[in-house]
Amino acid sequence: MITNLSSTQLVGHTGGVDFDALISKLDLATKIRLLTGADMWSLTPVPEIGLHRLVMSDGPIGVRGEQWSSADPSMALPSPTALAATWDPGLVRRVGRLLAQEARRKGVHVLLAPTINLHRSPLGGRHFECFSEDPYLTGELGAAYVEGVQEGGVATTPKHFVANDFETDRFTVDVKVSGKVLREAYLRPFERVVRAGAWGIMTAYNSVNGTTMTEHSELVNGVLKQEWGFDGLVVSDWTAVRSTEPAALGGTDVAMPGPFGPWGEKLEAAVREGRVPESVIDDKVRRVLRLAHRTGALGEDGADGADGASRTYAEIDGIALAREVAARSFTLLKNEGNLLPLTGVSSVALIGSAAREARIMGGGSAQVFPDRIVSPLEGLRQREAEVRYAVGADPRLRLAPISTPTRALFLDAEGEALAEHELPATEARWVGQAPADVDLDRLAAVELRATYTPSASGEHLFAAAGVGRYTLTVGDDVLYDDTTVLEGDDPAAVLLHPPEKRFTVTLAEGEPVTVSLRQHEVSAFNGMTLIMFALGHADPSPGEDELIAEAVRVAAGSDVAVVVASTTLEVESEGFDRKDLKLPGRQDELISAVARANPRTVVVVNAGSPVEMPWLEEVAAVLLVWFPGQEAGPALADVLYGDAEPGGRLPTTWPVRLEDCPVVDVTPVDGAVPYDEGVFIGYRGWQRQQTAPAFWFGHGLGYTEWSYDALEASQGAVTVSVTNTGTRRGREVVQVYLSAPERGRWLAGFDVVECGPGESAVTTVFLPERAFQEWAGDGWRTVTGDYTVEAGRSVADIRLSANITI
Ligand code: BGC
């Protein structure tokens, strides 16, 4: 909770600054230096005008900071799909304030978030990182996020502008999309966040209708800056600027990262030779200065940097908020015989590798490193019932780092330690910046060293994962001393998922061994540190069949079986799209086998985006927990035992099978992906076809029942009365749709109400004018005629309606 905020603290600096006077003090070279990153994450300071080093960092689920390292931990909140499942802008805004607090703690002025591209196809690799298939819901939640973060004096850059809804060939792909569809679907959330006052926007890698987005003057200068009046900073996606004049004239203000890149001296020459007007450069600099001013990075006295000193507010309890948001996002899809919440249970069979090592976030630039992760196993073990754990199936293709205190040694050519850092696991990552106490000129190698005590005797697997020259040692044995080469054509994707070399070692239970992995010839990419490698490990395994058999035995002998089924890092990540929606490995088979052994089986789906559930009819309950963030375990225990209600409603329609989805394919043909389906993505597409999904947009059961009692509608507002007819307190997301002949049904408003048993609530939902409008080519046109205003529990569960004429 924020207390005692003054208005300056809330909205950043409002006092007048004469930006032009500051700009006039700068020579051309200095101005241009400001427009390319000084390094991976920051802009060059200019002390003579009071401009501090302006620091940017990835979100959206936390603030990673400059090091991309577990040595610099950050809070990890639930995935954006989870946030969206709360349908609660107020809660999202509180998350934003927590993120601002994190940003200021870490000296960050600009949070590179939120991601407001749309769920066009469930194969999109960053689906988990976006909110919804619905542009209106995305815009409302995006705006709440932006407002929350910026209230803490930290800028946001809603991204990726625009039509970056899949990953395949993202640097080169051309999205073919009509102006009408852009306006009504893909640009709509961006328009909403700009109108909410976003201080930044990030341009995407892809092209739209033949022009790459960093050069797209029509959309960036025309629509974003002129038409919407955006006065903030347009920052490129990382390495997305690939030209000098076209990008400079196309509206992108800052090319990240740096210090190299296609601007610098080339842009200076273009200005001197009259190819780029200096006024264009000045406008970009003005935007940098305005953002710096807003975030406290501009001030002669230097007292107002992002060190938290000048904008403190009562500290938000991040752990409590992470747990609350997770529970509020959990979406109860099915609950036969009200199996949940669990009552009178004395033993729980907890099954699944993700129950012990939860998947708390998706992969890629959205990754952060929390200093604690509470697994479902730990969370449930805090409760009274006896928990009996079995792995059942482990879908991970890569060996996990060992979670044990690890020393990272930075060594010179003679093997002398230049610096030493403590890490929570055998994984090294410093991207962009090495720790400040490391002398990069002398750095020759980095070594991870830890003591591992086996919990079982037998054949343990160890792996060296990384690209470059490595030495892997377990005990006295050197298992690997060789060079692993980079394969594949997307360096980013390969570096995020580097190749693994595996070895078997026989160890005895309880007898500790020293393990180490040394990377030689530590590399730098364009002058930036790139340390990314891991020492993986897996316990002796009795074999996959036996793992399933053991889980079945445990389930059969327990009061209830809870199977946590998950996707993996290889499935949901930036850098590539998904190939299918299947749960990886033998998890489907495991769930069916457990359900046969125990009819009281709850499946906890731990995935950021849709998965097929071929066992849906066989199990009693399905609880979708998304990527739940660091407090996964306590939140799951809260919901399973009924201390908290699963408050989520689907922000995206859940298919039975991939091939049923209105849009499936995300693979470019001849370099292009046509958005031929128009605005009919998600539920708007599903409504036009015969096959029904498994669960519709808006679905989610909660733990109580609701009746919809009355609805009154006018053009501008709808008043809906609902009653909690169940036996416990609960929250309801009242969803308001419009429908019209030939145009289907679309979301026009929503509100979250809370009632005790037997209580009623009346909510008035305002209908934005845009809900009745269409893009007419040169402006918005209100479509007159008859509409049905509907209120319901999902897009397919309409409880009340009224007709209005516009
Ligand atoms: C991603 C952005 C991210 C940037 C910096 C890019 O690859 O697309 O979302 O902010 O990297 O990490």
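This report describes salt bridges, domains and two single residues in a predicted model.

## Salt bridges in the model

Side chains of opposite charge can pair when their charged atoms come close. In this structure, 65 salt bridges are found. Three of them are described here, with the surroundings of each partner.

## A buried pair: R170 and E574

R170 and E574 form a salt bridge in which the closest N and O atoms are 3.0 Å apart. The pair links distant parts of the chain, with the two positions 404 residues apart in the numbering. R170 lies in the loop between β4 (155-156) and β5 (174-176), while E574 lies in the loop between β25 (560-566) and α18 (587-597). Both residues, R170 and E574, are buried.

## Two pairs with more accessible partners

R586 and E544 are joined by a salt bridge with an N to O distance of 3.3 Å. This pair, too, links distant parts of the chain: R586 sits in the loop between β25 and α18, E544 belongs to helix α17 (residues 544-556), and they are 42 residues apart. R586 has a relative accessibility of 24%, so it counts as partly exposed. E544 counts as exposed because its relative accessibility is 51%, and the cut-off for exposed is over 50%.

The side chains of R657 and E659 also meet in a salt bridge, at 3.7 Å from N to O. R657 is partly exposed, with 40% relative accessibility. E659 is exposed, at 53%.

Some salt bridges share partners. Through such sharing, R126, E129, E167, R170 and E574 are joined into one network. R170 and E574, the buried pair described above, are therefore members of this network.

## Domains and one interface

The chain is divided into four parts: domain 1 (7-295), domain 2 (331-391 + 556-652), domain 3 (400-538) and domain 4 (704-805). Domain 2 is written as two stretches of the chain, 331-391 and 556-652. Taken over C-alpha atoms, the centres of domain 2 and domain 3 are 31 Å apart. Their contact takes 9 residues from domain 2 and 6 residues from domain 3.

About 550 Å² of area is buried between domain 2 and domain 3, and carbon and sulfur atoms give 60% of it. What classes of residue does domain 2 bring to the side that touches domain 3? That side has 3 nonpolar, 4 polar and 2 charged residues. The count of salt bridges between domain 2 and domain 3 is 0. The number of residue pairs in polar contact across this interface is also 0, where both residues must be at pLDDT 80 or more.

## Two single residues

Is S721 buried or exposed? S721 is located in strand β30 (residues 717-724). Its relative accessibility is 19%, so S721 counts as buried, the cut-off being under 20%. Leaving aside residues up to four places away in sequence, S721 touches S707, Y708, D709, A710, A761 and V762.

D676 is in the loop between β28 (672-674) and α20 (683-686). With 68% relative accessibility, D676 counts as exposed. D676 and V602 are 74 residues apart along the chain, and 39 Å separate their C-alpha atoms.

Technical notes:
Residues numbered from 1 in each chain as written. Predicted model: local features only at pLDDT ≥ 70, side-chain atom pairs only at ≥ 80, totals over all residues. Heavy atoms only, no water. Salt bridge = Lys/Arg side-chain N within 4 Å of Asp/Glu carboxyl O. Helix = DSSP H or I, 4+ residues; strand = E, 2+ residues; numbered from the N terminus. Buried < 20%, exposed > 50% of the residue type's maximum accessible area, 1.4 Å probe, protein only. Domains from an automatic or database assignment. Contact = heavy atoms within 4.5 Å. Buried area = accessible area lost by both parts, 1.4 Å probe. Polar contact = N/O pair within 3.5 Å; in protein donor to acceptor, adjacent residues only side chain to side chain. Nonpolar A, V, L, I, M, F, W, Y, C, P; charged D, E, K, R; others polar.
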